[in-house]
Amino acid sequence: MSVDHYENFPVASWLCPPQLRPAVVALYHFARTADDLADEGDLATPQRVQALRDYRADLDAVVAGRQPSPRWPQVFAPLAREMHRLQPALLHDLLDAFEQDLTPPRYRDRGHLLDYCRRSANPVGRLLLGLYGVSDAISLRRSDAICSSLQLINFWQDFSRDGPRGRLYVPEADLERFGVSAEDVLACRDGPAARALVRDLCDWAGALMREGAPLALTLAGRAGWELRLVVQGGLAILDKIATRGHDSFIHRPALGMADAPRLAWRALTMRAAP
């Protein structure tokens with residue numbers, strides 16, 4: 001599919017089985033549009049809050065088999081056709097996270113931040129596993145680890161974008177441990193302490209990714225290969241941050257076409273950790 005936003009990871013690529021692509025595309029547009037309502041444009045916060053409430057009402061209408069408003073036909077018409085395959089509670093979790101982004105809290109510790117990831121990222125993995133008919137506890141736990149890791153990697157990639165928006169995703173406990181202030185993070189002030197903090201945060205995200213990575217080796221067929229690329233894409237961003245000395249306060253790493261051969265090789269040679 002063609003998307004209008006930069007994405008780290010494949011979305012409904014040719015590796016996705018054709019019969020599942022409509023549902024994956026519907027999920028993508030649902031999440032992408034909700035994220036844009038929370039992030040993009042010049043609307044004031046109260047207007048964004050109301051827009052997300054209206055969006056949730058349309059989701060409720062589709063779940064109940066009613067006609068949604070005509071405001072987002074490109075989202076809810078395809079979603080209605082695929083709703084029989086999806087879990088509405090997980091879609092609501094995503095909206096909860098987008099609403100939280102409008103008045104983001106200061107996260108006390110890593111557990112507090114992971115609770116946000118539980119709603120902002122983990123539902124995507126669980127929804128996709130549901131499409132593949134996978135629901136065992138081990139796979140769900142590994143999926144949550146991968147999705148939470150991807151969310152954290154996005155945070156450590158996006159300091160220069162989140163700072164101007166007043167969004168601080170570094171837990172207060174980590175700030176205190178490294179002697180970095182919240183104001184330093186929001187202003188993207190680089191320095192030895194900041195880089196040590198980013199290094200430790202990236203190590204955390206990498207450990208979570210390795211915890212979940214065996215899922216990519218147990219999923220059969222195209223799903224497994226797609227997930228291998230997702231895992232390796234996340235790890236590649238961490239590599240780019242490390243290569244520049246963990247300077248992501250001032251430099252935003254991104255994946256490009258030049259990275260494709262390395263990602264493909266890593267996916268092909270991926271093995272379970274000992």
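This is a conversation about the cores, the cavity, one helix and two loop residues of a predicted model.

Trainee: Where should I begin with the packing, and which residues have the most contacts inside the largest nonpolar core?

Mentor: Begin with Leu152, Trp156 and Val170, which have the most contacts inside the largest nonpolar core, a set of 50 residues. The elements that each give two or more residues to this core are α5 (110-120), α7 (137-157), α10 (182-186), α11 (192-212), α12 (214-218) and α13 (221-243). Apart from this core lies another, of 29 residues, and among them are Ala38, Leu52, Val62 and Leu79.

Trainee: Back to Trp156, what does it touch?

Mentor: Leaving aside residues up to four places away in sequence, Trp156 touches Leu113, Tyr169, Val170, Leu201, Cys202, Trp204, Ala205, Ile241 and Ser248.

Trainee: And how many cavities of 30 Å³ or more does a search of the whole structure find?

Mentor: The search finds one, and about 70 Å³ of space lies in the largest cavity. Trp156 turns up again here, since the lining of that cavity consists of Phe155, Trp156, Asp158, Phe159, Asp162, Gly163, Arg167, Leu168, Tyr169, Val170 and Val185. At least two of the lining residues come from α7, and at least two from α8 (159-162).

Trainee: What is the lining like by class?

Mentor: Seven of the residues lining the largest cavity are nonpolar, one is polar and three are charged.

Trainee: Changing topic to α5, which of its residues are buried?

Mentor: In α5 the buried residues are His112, Leu113, Tyr116, Cys117, Arg119 and Ser120. Viewed down the helix axis, these buried residues fall within an arc of 165 degrees, so they line one face of α5.

Trainee: What do they pack against?

Mentor: The buried residues of α5 pack against α4 (88-102), α6 (122-131), α7 and α11. Of the residues named, Leu113 is also among those that Trp156 touches.

Trainee: One more topic: which residue in the loop between α10 and α11 should I look at, and is it buried or exposed?

Mentor: Look at Cys188, which sits in that loop and has a positive phi of about 55 degrees although it is not a glycine. Cys188 is buried, because its relative accessible area of 16% falls under the 20% cut-off.

Trainee: And what about His246, where is it?

Mentor: His246 lies in the loop between α13 and α14 (260-268), and although it is not a glycine, His246 has a positive phi of about 60 degrees. With a relative accessible area of 7%, His246 is buried.

Notes:
Residues numbered from 1 in each chain as written. Predicted model: local features only at pLDDT ≥ 70, side-chain atom pairs only at ≥ 80, totals over all residues. Heavy atoms only, no water. Core = buried A, V, L, I, M, F, W, Y, C linked by side-chain atoms within 4.5 Å. Buried < 20%, exposed > 50% of the residue type's maximum accessible area, 1.4 Å probe, protein only. Helix = DSSP H or I, 4+ residues; strand = E, 2+ residues; numbered from the N terminus. Contact = heavy atoms within 4.5 Å. 1 Å grid on protein atoms, 1.4 Å probe; cavity = no way out; pocket = protein on both sides within 12 Å on 5 of 7 lines; lining within 4 Å. Points joined across faces, edges and corners; volume = space filled by probe spheres on them. Nonpolar A, V, L, I, M, F, W, Y, C, P; charged D, E, K, R; others polar. Arc of directions from axis to C-beta.
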